[in-house]
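Let's take a friendly walk through a protein chain, from its outer surface to its inner core. Keep the picture in view as you read.

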Amino acid sequence: WNPGLGLMFAVIIIFGPAYGIVLFIGVLLAELLVLRSTLPLPIILAIGAIVAASYTAVALVARRFLHLDWHAFPMRDILVLFAGGLVGAVVTSTLLCMLLLSVNYSTLSNIFRTSIPLVLGDLIGIAVMTPLQLRAFLRWDTLRSLPLERIVEFAGFSLAIFLLLALTIWLGHHQQNL
């Protein structure tokens with residue numbers, strides 16, 4: 001899943017399309033530093049441009065033309081958000097597949113195998129993180145006034161969950177290599 005995309009999708013909805021540049025930079029950093037992509041730099045730049053332009057356009061359409069009201073966030077807007085996320089994921093996946101096929105960095109059989117997880121990962125990131133981020137932004141004043149004990153407690157639980165998740169993933173990889 002792609003929680004960073006869900007976060008940036010919310011930021012673009014709240015603050016506008018200029019934050020698509022931040023998404024572009026995030027994709028580049030992820031490709032270069034996290035994934036350690038061996039693709040040529042022009043291809044990596046094209047991937048970043050496709051992801052940033054697609055999701056920025058979808059966020060803009062959802063906000064301006066479909067009248068996504070993230071302040072009240074009724075059920076209609078949740079459906080608009082999910083539909084927009086699905087459209088963005090399908091468009092992005094399709095464009096990325098076309099790019100990789102056109103420069104002979106992938107095969108058609110590989111595209112079919114990888115495009116569904118790509119779409120689902122992006123959609124899950126948007127479905128989980130974007131509503132949470134929109135709600136958190138609406139309640140920012142309340143969140144800022146939380147007592148220090150609550151913040152420390154939340155940080156402790158979050159750290160414990162993160163460490164247990166990392167341990168589970170590490171053990172899973174370790175068992176696969178045996």
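The chain exposes about 11,300 Å² of surface, and carbon and sulfur atoms supply 73% of that area. Keep in mind that this is a predicted model. Buried residues make up 31% of the 178 residues in the chain. If you draw a box along the principal axes, the C-alpha atoms fill roughly 55 × 50 × 25 Å.

**Helices**

What does the secondary structure of the chain come to? There are seven helices and zero strands, so the pattern along the sequence reads α-α-α-α-α-α-α. Contacts also tell us about the fold: among those between residues at least 6 apart in sequence, 72% join residues at least 24 apart.

**The nonpolar core**

Now look inside. The largest nonpolar core has 32 residues, and the members that touch the most others are Phe9, Ile13, Leu23, Ile47, Val51 and Tyr55. Five helices each supply at least two residues of this core: α1 (3–15), α2 (20–34), α3 (41–65), α4 (75–102) and α5 (108–138). Which of them gives the most? That is α3, with 10 residues.

Try Leu23 as an example. Leaving aside residues up to four places away in sequence, Leu23 touches Leu5, Met8, Ile12, Val51, Ala52 and Tyr55. Two of these partners, Val51 and Tyr55, are also on the list of core members that touch the most others.

**The largest pocket**

Next, find the largest pocket, which holds about 730 Å³ of space. Rolling a probe the size of a water molecule over the atoms shows where empty space is left. How many residues line this pocket? There are 26, and Glu31, Leu35, Ile47, Leu96 and Leu118 lie nearest its centre. Helices α1, α2, α3, α4 and α5 each give two or more residues to the lining. By type, the lining divides into 15 nonpolar, nine polar and two charged residues. Ile47 is worth a second look, being among the core residues that touch the most other members and also among the lining residues nearest the pocket centre.

**Four residues to compare**

Is Thr130 buried or exposed? Its relative accessibility is 0%, which is under the 20% cut-off, so Thr130 counts as buried. This residue sits in helix α5. Not counting residues up to four places away in sequence, Thr130 touches Gly6, Phe9, Ala10, Ile13, Leu81 and Gly125.

Val90, in helix α4, is partly exposed because its relative accessible area of 40% falls between the cut-offs of 20% and 50%. The C-alpha atoms of Val90 and Asp69 are 23 Å apart, and these residues are 21 places from each other along the chain.

Two loop residues have a positive phi although neither is a glycine: Arg36, with phi near 50°, and Asn104, with phi of about 60°. Arg36 lies in the loop between α2 and α3, while Asn104 is found in the loop between α4 and α5. Both count as exposed because their values are over 50%.

Here are the four side by side.

| Residue | Location | Relative accessible area |
|---|---|---|
| Thr130 | helix α5 | 0%, buried |
| Val90 | helix α4 | 40%, partly exposed |
| Arg36 | loop between α2 and α3 | 63%, exposed |
| Asn104 | loop between α4 and α5 | 67%, exposed |

Conventions: Residues are numbered from 1 along each chain as its sequence is written. This is a predicted model: local features need pLDDT of at least 70, side-chain atom pairs count only at pLDDT 80 or more; totals for chains, interfaces and linings use all residues. Side-chain values use heavy atoms; hydrogens and water are left out. A nonpolar core is a set of buried Ala, Val, Leu, Ile, Met, Phe, Trp, Tyr and Cys residues joined through side-chain atoms within 4.5 Å. Buried means under 20% relative accessible area, exposed over 50%, partly exposed in between (1.4 Å probe, protein chains only). Helices (H or I, at least four residues) and strands (E, at least two) are DSSP runs, numbered from the N terminus. Contact means heavy atoms within 4.5 Å. On a 1 Å grid over the protein atoms alone, a cavity is a set of points where a 1.4 Å probe fits but cannot get out, and a pocket is an open set with protein on both sides within 12 Å along at least five of seven lines; lining residues have an atom within 4 Å of a point. Grid points are joined across faces, edges and corners, and a volume is the space filled by probe spheres set on the points. Ala, Val, Leu, Ile, Met, Phe, Trp, Tyr, Cys and Pro count as nonpolar, Asp, Glu, Lys and Arg as charged, and the others, Gly among them, as polar. Accessible areas come from the Shrake-Rupley method with a 1.4 Å probe; for residues, only the protein chains shown count as cover.
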